[in-house]
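Please look at the sequence and the 3D structure below before reading on. The briefing after them goes through a few parts by topic.

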Amino acid sequence: MSTSDFSSLKLHPDLLKNLGSLGYESMTPIQALSLPAILDGKDVIGQGKTGSGKTAAFGLGLLHKLNVKSYKVQSMVLCPTRELADQVAAEIRKLARAIHNIKILTLCGGAPFGPQIGSLEHGAHIVVGTPGRIEEHLRKRTLKLEHVEMLVLDEADRMLDMGFQDAIDNIVEKVPANRQTLLFSATYPQEIEDIAMRVMHNPITVNAPEAHEASTIKQCFYQANTDDERMSALRILLAKHKPDSALVFCNTKLDTQDVADELVHYGFYALAIHGDLDQRERDQALIRFANKSVSVLVATDVAARGLDIDALDLVVNFNVAHDPEVHVHRIGRTGRAGRSGIAVTLFSDRETRKLEALELDVVADVLPSDTYLDKPIKRPTMTTLKIDGGKKQKLRPGDIVGGLTGQGGIPGDKIGKITISSNWSYVAVESGLVKTALKKIQNDKLKGKTFRVRILS
């Protein structure tokens with residue numbers, strides 16, 4: 001018997017029988033790595049992409065542990081969006097088919113509150129929901145969590161992107177301390193490590209191997225001896241690669257603003273960050289870039305410090321770095337998390353000595369054809385809305401998600417990052433739905449109040 005067979009696990013016999021009827025023959029890597037520890041009652045951090053089989057991993061774990069005779073909430077799964085919560089609930093119901101009378105309840109924003117209260121009054125074994133709506137039920141004392149034995153944070157990185165960290169902390173406070181906690185995330189930024197330290201006990205970390213090779217960075221070098229040639233080369237490369245997110249490094253504040261302005265002049269979606277910007281301008285630029293509502297960020301090395309963007313498709317050294325370590329740091333911002341990336345350096349005859357200091361065998365590449373400049377410029381996938389209300393107005397990420405996904409709104413999986421500051425909130429939505437989202441917030445109220453909202457541009 002292979003260790004990747006579900007039958008190698010000490011699972012409830014009815015669950016094993018049902019897995020066979022569903023065609024689940026062998027475990028995926030994330031299941032094989034995590035399920036033995038989950039069934040053993042350990043806290044687990046699982047890193048794996050969408051489609052890796054993580055839902056079945058935690059779903060089997062919580063079903064195996066369930067006491068069907070007790071109509072108390074024994075397991076809770078937190079998801080970033082209503083769509084994912086519905087998918088998770090459907091998958092758990094499918095896994096639970098062979099065990100009768102299991103009640104799984106979804107509690108998500110964008111759905112009427114009253115029927116959810118009625119369902120809770122009749123009891124449930126498993127609750128799957130979004131942080132904002134779960135937190136609302138806890139505030140109104142319509143949901144009790146004192147019997148929860150297993151807490152699952154699914155797509156935790158996405159929940160943090162959407163600004164749900166405070167809501168998660170508030171929810172965890174209401175769950176018994178002696179629970180089992182499972183955290184699944186596609187990426188593992190510092191914020192995930194921080195939340196894991198707060199809510200988990202000696203977790204075991206498992207990382208499903210990528211189906212493709214480890215990250216690779218392709219370096220290219222193009223010669224451009226004049227300012228016009230350098231700008232033309234940059235435009236051609238951006239037009240050819242059509243990056244969702246590209247970072248362009250300049251050596252001076254003046255060049256940074258000039259390059260960004262010229263890119264905008266030619267129709268690119270670009271912004272600059274440098275030391276002459278005030279904090280509000282800098283924050284909004286970084287928010288729009290992180291939201292993918294701006295494709296190109298032009299920055300000095302100093303201004304780019306602290307910039308944490310995982311999915312950079314392209315890095316361009318508009319000027320050669322002064323120091324080899326700076327060059328390595330710049331190009332290392334692409335090709336992260338198992339992705340391939342492209343790092344381009346533009347140089348002139350006068351900068352060959354700098355290139356020699358980089359200790360690289362530099363061979364000038366042939367610049368792509370300027371016919372790429374005739375092609376349409378790729379629009380950003382997302383657009384950022386600015387809402388004139390924030391923490392001081394008691395506005396929460398769940399309020400924004402609920403407001404956008406209510407009747408006549410947009411699907412939750414079309415919402416990107418949510419950032420809430422003292423007096424403003426920023427939310428990214430798919431560009432094709434931005435007008436619908438704008439009208440939804442303009443015409444409806446958030447937390448019973450009307451807030452001014454506009455497209456950030």
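What follows covers a sheet and its helix, the enclosed and open spaces, and two single residues.

This is a predicted model. Its parts include an open sheet of four strands and three cavities of 30 Å³ or more. Two residues, Leu39 in helix H2 and Thr405 in helix H15, are taken up at the end.

**The sheet and its helix**

- The four strands of the open sheet run in the order S15-S16-S14-S17, and their pairing is antiparallel.
- Strand S15 (415–420) and strand S17 (453–455) form the edges, each with pairing on one side only.
- From one strand to the next, the twist averages 20°.
- Six bridges join strand S14 (residues 382–387) to strand S16 (residues 425–430), and the two pair in the antiparallel sense.
- Within this part of the sheet, Ile387 stands opposite Ser425, a residue of S16.
- Helix H16 (residues 434–443) packs on the sheet and touches S14, S16 and S17.
- The direction of helix H16 makes about 165° with that of S17.

**The cavities**

- The structure holds three cavities that reach 30 Å³ or more, and two of them are described here.
- The largest cavity has about 110 Å³ of space.
- Residues lining the largest cavity include Leu238, Ala239, Phe268, Tyr269, Val296 and Ile377.
- Also in the lining of the largest cavity are Lys242, Lys375 and Lys378, along with Ser295.
- Sorted by class, the lining of the largest cavity has eight nonpolar residues, one polar residue and three charged residues.
- The second largest cavity has a volume of about 40 Å³.
- Its lining is made up of Pro243, Asp244, Lys292, Ser295, Lys378, Arg379, Pro380 and Thr381.
- By class, the second largest cavity is lined by two nonpolar, two polar and four charged residues.
- Pro243, Ser295 and Lys378 appear in the linings of both the largest and the second largest cavity.

**The second largest pocket**

- The second largest pocket holds about 400 Å³ of space.
- Of the 20 residues that line this pocket, Asp227, Arg230, Asp255, Phe318 and Asn319 lie nearest its centre.
- Helix H10 (227–241), helix H11 (253–265) and helix H14 (352–357) are the elements that each give two or more residues to the lining of this pocket.
- By class, the lining of the second largest pocket has 10 charged, five polar and five nonpolar residues.

**Leu39**

- Leu39 lies in helix H2, which covers residues 29–39.
- Leu39 counts as partly exposed because its relative accessibility is 23%, and that class lies between the limits of 20% and 50%.
- Leu39 and Ala57 are 18 residues apart in sequence, and their C-alpha atoms are 9.7 Å apart in space.
- Leaving out residues up to four places away in sequence, Leu39 touches Leu9, Lys10, Leu11, Gly61 and His64.

**Thr405**

- Thr405 has its place in helix H15 (residues 397–405).
- Is Thr405 buried or exposed?
- Thr405 is buried, because its relative accessible area is 5% and buried means under 20%.
- Not counting residues up to four places away in sequence, Thr405 touches Arg82, Gly109, Gly110, Ile410, Pro411, Gly412 and Ile415.

Terms used: Residues are numbered from 1 along each chain as its sequence is written. This is a predicted model: local features need pLDDT of at least 70, side-chain atom pairs count only at pLDDT 80 or more; totals for chains, interfaces and linings use all residues. Side-chain values use heavy atoms; hydrogens and water are left out. Two strands pair if DSSP finds at least two bridges between them. Axes are lines fitted to C-alpha atoms, for helices over the stretch in contact, and angles run from 0 to 180 degrees between N-to-C directions. Contact means heavy atoms within 4.5 Å. On a 1 Å grid over the protein atoms alone, a cavity is a set of points where a 1.4 Å probe fits but cannot get out, and a pocket is an open set with protein on both sides within 12 Å along at least five of seven lines; lining residues have an atom within 4 Å of a point. Grid points are joined across faces, edges and corners, and a volume is the space filled by probe spheres set on the points. Ala, Val, Leu, Ile, Met, Phe, Trp, Tyr, Cys and Pro count as nonpolar, Asp, Glu, Lys and Arg as charged, and the others, Gly among them, as polar. Buried means under 20% relative accessible area, exposed over 50%, partly exposed in between (1.4 Å probe, protein chains only).
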